[in-house]
Amino acid sequence: MQRFLPSGRRLAPQHLCAMMLVLAIGISGARSRRTSHVGSGNKELVQISCILPNNTHMYAHIPRVRPALDIANDYIVRHRLLPDHQLDFTYADSRCSPTYAQIEAIDFYMKGKTRAFFGPVCDYAAAAIGRINWHWDIPLLTPGALVQDFGENKTVAGAQFPMVTRVGASFDSMSGFVVTMMTQFGWRRVKGLYERHTNTEVMDENFCYLAMNALYAVIARNGLPIGTDEGSTFFEMPTSQDKGDVLRNEVGVKYAGK
Ligand SMILES: *[C@@H]1O[C@H](CO)[C@@H](O)[C@H](O)[C@H]1NC(C)=O
Ligand SMILES: *[C@@H]1O[C@H](CO)[C@@H](O)[C@H](O)[C@H]1NC(C)=O
């Protein structure tokens, strides 16, 4: 990032969105073999299908994303970043559900105009479309899809999500942050405590379990010497048990200090 951002200059959200859009058009333009559609002034019409939750409890939802994309589009038009293209955003409610997200994606595909999908953000919904969009040659960009599987190598044969690009933080980047901190401070012992039923608007359960999974995988990949005879594992917080007991029994002095 450093190379592209002059120091002392912050990247405003509309610049980031504009970059994302230019990237999406770049990807879909380069790969698309579909017929082009003509917009006003003979510009090529580029439809971006945004399949996002309409539920405002989610961190990225239609009422929040739509104005950001409008601002980004204004920026693109004003600075003539895509002089030969006219962007057209269409929205559908993913309901954070693999079933509904997939139905919306298929409907968009059948209309034959979609050049890129923005969203879904919920992991299971993103996975449902991420497993088929490569077959249509339509890229999927999302600020969500946090679990590790989306970050797997996309160029190996049989990759699960070859045309999914994440543009935000993920469980991998969170894990990278923790591992960097551990290395910096020379920490060697880790005990992860998590709750099962959290962030239930994204998935019914396991959100934090999957976050822990990613963390431990990244710790192992970095060869940090934990989880040997100490049996460093993560622990599900029982809803009923006293949190003080959990800290005493599960963390205790075994995981205190370095
Ligand atoms: C989102 O919800 C609002 C309010 O209920 C509704 O007017 C709008 O049509 C919905 N948008 C989509 C894409 O479903
Ligand atoms: C991804 O897989 C390709 C092909 O097997 C390999 O050349 C490349 O180094 C891998 N990339 C990463 C980041 O592991």
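**Exercise 1. Contacts of a loop residue**

Which residues does Gln-148 touch, not counting residues up to four places away in sequence?

*Solution.* The model is predicted. Start with the location: Gln-148 sits in the loop between E5 and strand E6 (164-166). Next, list the partners. Gln-148 touches Phe-171, Asp-172, Asn-213, Ala-214 and Ala-217. Then take one pair across the chain. Gln-148 and Ala-211 are 63 residues apart in sequence. In space, their C-alpha atoms are 8.3 Å apart. Last, check the surroundings. Gln-148 has 17 other C-beta atoms within 10 Å. A residue counts as buried at 20 or more and as exposed at 12 or fewer. Gln-148 is therefore partly exposed.

**Exercise 2. Helix H2**

Find the expected span of helix H2 and compare it with the model. Then sort residues of H2 into buried and exposed.

*Solution.* Step one is length. H2 covers residues 62-78, which is 17 residues. At 1.5 Å a residue, H2 should span 24 Å. The C-alpha atoms at its ends are 24 Å apart, so the two agree.

Step two is burial. Val-65, Leu-69, Ala-72, Asn-73 and Ile-76 of H2 are buried. They cover an arc of only 100° around the axis, so they lie on the same side of H2. On the other side of H2, Pro-63, Arg-64, Pro-67, Asp-74 and Arg-78 are exposed.

Step three is the residue that follows. Arg-80 comes after H2, and its phi is positive, near 50°.

**Exercise 3. The core**

Describe the largest nonpolar core and say where it lies relative to domain 1 and domain 2.

*Solution.* Begin with size: this core has 47 residues. Those with the most contacts inside it are Ile-51, Phe-117, Ala-126, Ile-129, Val-164 and Ala-211. Now the contributing elements. Those giving two or more residues include strand E2 (44-52), H2, strand E3 (85-93) and helix H3 (98-111). Strand E4 (114-118), helix H4 (123-130), strand E5 (140-142) and helix H7 (207-221) are also among them. H7 gives the most to this core, with eight residues. Finally, the placement: domain 1 (13-166) and domain 2 (171-251) both give residues to this core, so it lies between them.

Look at one member in detail. Leaving aside neighbours within four places in sequence, Val-164 is in contact with Ala-126, Gly-130, Leu-140, Ala-145 and Phe-150.

**Exercise 4. Strand E4 and its partners**

In which sense does E4 pair with E2, and over how many bridges? State how E4 is joined to E5, too.

*Solution.* Take E2 first. E2 and E4 pair in the parallel sense over four bridges. Here Cys-50 stands opposite Phe-118 in E4. Take E5 second. E4 and E5 run parallel and are joined by two bridges. Phe-117 stands opposite Leu-140 in E5. Now add burial: five of the five residues of E4 are buried, and the strand is mostly covered.

**Exercise 5. Helix H8 and the whole chain**

Is helix H8 largely in the open or covered? Put the answer beside the totals for the protein.

*Solution.* H8 has nine residues, 243-251. The number buried is zero, so H8 lies largely in the open. Gly-252 follows H8, with a positive phi near 50°.

Now the totals. The protein has eight helices and eight strands. Of its 258 residues, 28% count as buried. Consider contacts with a separation of 6 or more: residues 24 or more positions apart account for 69% of them.

Definitions and conventions: Residues are numbered from 1 along each chain as its sequence is written. Chains are lettered from A and ligands numbered from 1 in the order in which they are written. This is a predicted model: local features need pLDDT of at least 70, side-chain atom pairs count only at pLDDT 80 or more; totals for chains, interfaces and linings use all residues. The expected span of a helix is 1.5 Å times one less than its number of residues. The arc is that of the directions from the helix axis to the C-beta atoms. A nonpolar core is a set of buried Ala, Val, Leu, Ile, Met, Phe, Trp, Tyr and Cys residues joined through C-beta atoms within 7 Å. Domain bounds come from an automatic or database domain assignment. Two residues are in contact if their C-beta atoms, placed from the backbone, lie within 7 Å. Two strands pair if DSSP finds at least two bridges between them.
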